[in-house]
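Student: I've got a new model open on my screen and would like to talk it through. Can we go over it piece by piece?

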Amino acid sequence: MPAIPTRTALFARSLPASVLRASCAALPALALSAAFATAFAGQSLAAGSDDSAAPKPTNTTKTCKGAKVWDDQKQRCVAPKHSSLDPDEMYDAVRELAYAGRYGDAQAVLAAMPDQMDSRVLTYWGFTYRKQGYRDQAMSYYTRAIALDPQNHLARSYMGQGFVAEGKYGLAMEQWKLIRAAGGSGSWAEVSLREALLSGQTQSY
């Protein structure tokens, strides 16, 4: 009677061949299988609560053109540095513009953020640079963000997704394992990187 495939074996078969080749070149096959088997035990692929939803379009992307944001107080589009938006609202505008593929406009908002050493600001500088193809700048910003806040799971996730995009699955796996080791299991950052490792596709927000 043929043996019934284990869950780990079935999962391994679902990985793209490129993932298996690249990962096994960097990590022992047994360790790779064990890591994923542990990760998937009792977990679904549902994302956690941190930035798990794609940004919803507002007037910033529906009405404003170029490097401007919608200002509710002024009821018009204004340059980011002249807006009445607080840092959280500006961060939301950055995410919205980046999701719309307007990376240069998102960076204009980032440049107007009052605290350029804020870990999340550094993270999105990295994200927008990576999406424009500037790998070295992106990695520099991710590294700085993580140095300031070792619990910045999103920066590690974006860094890992950058490695996935380059076909460096072993390095991406290292970031995924660090997220989990730091208590990020089940967070959007961990799940999105896990899915990138599975599919080879990265997130756009």
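Student: Is Arg-120 buried, partly exposed or exposed?

Tutor: One heads-up before that: this is a predicted model, where local features need pLDDT of at least 70, side-chain atom pairs count only at pLDDT 80 or more, and totals for chains, interfaces and linings use all residues. Residues are numbered from 1 along each chain as its sequence is written, and side-chain values use heavy atoms, with hydrogens and water left out. Buried means under 20% relative accessible area, exposed over 50%, and partly exposed in between (1.4 Å probe, protein chains only). Arg-120 has 24% relative accessibility, so the label is partly exposed.

Student: Which residue forms a salt bridge with Arg-120?

Tutor: A salt bridge here is a side-chain nitrogen of Lys or Arg within 4 Å of a carboxyl oxygen of Asp or Glu. For Arg-120, the closest N and O atoms of the pair are 2.6 Å apart. The partner sits in helix 5 (residues 87–99) while Arg-120 is in helix 7, with their positions 32 residues apart. The partner is Asp-88.

Student: How many helices does the protein chain have?

Tutor: Helices (H or I, at least four residues) and strands (E, at least two) are DSSP runs, numbered from the N terminus. Reading from that end, the order is α-α-α-α-β-β-α-α-α-α-α-α-α. Next to two strands, the count of helices is eleven.

Student: What is the mean pLDDT of the protein chain?

Tutor: pLDDT is the predictor's confidence in each residue, from 0 to 100. In this chain 75% of the residues reach 70 or more. Residues 1–14 are below 50, and so are residues 40–49. The mean comes to 84.

Student: Which residues beyond its neighbours within four places in sequence is Ser-119 in contact with?

Tutor: Contact means heavy atoms within 4.5 Å. Ser-119 is found in helix 7 (residues 119–131), and at 12% relative accessibility Ser-119 counts as buried. Its contacts outside that window are Ala-145, Asp-149 and Asn-152.

Student: How many of the 13 residues of helix 9 are buried?

Tutor: Helix 9 covers residues 153–165, and among its buried residues are His-153, Arg-156, Tyr-158 and Phe-163. Its cover includes helix 5, helix 7, helix 8 (135–148), helix 10 and helix 11. Helix 9 is largely enclosed by the rest of the structure, because the number buried is twelve.

Student: How far apart are the end C-alpha atoms of helix 9?

Tutor: The expected span of a helix is 1.5 Å times one less than its number of residues. For the 13 residues of helix 9 that should give 18 Å. The model agrees, with the end C-alpha atoms at 18 Å.

Student: Which residue takes a positive phi just after helix 9?

Tutor: At the other end, the start of helix 9, a side-chain oxygen of Asn-152 reaches to within 3.3 Å of the backbone nitrogen of Leu-154. Just after the helix, the phi is about 80°. The residue there is Gly-167.

Student: What is the relative accessible area of Glu-190?

Tutor: Glu-190 meets Arg-180 in a salt bridge (3.9 Å, N to O). Arg-180 lies in helix 10 (residues 169–181) and Glu-190 in helix 11 (residues 188–199), so the pair ties together parts ten residues apart in sequence. Glu-190 is buried, with a relative accessible area of 0%.

Technical notes:
A polar contact is a pair of N or O atoms within 3.5 Å; within protein, one must be able to donate a hydrogen and the other to accept it, and residues adjacent in sequence count only if both atoms are side-chain atoms.
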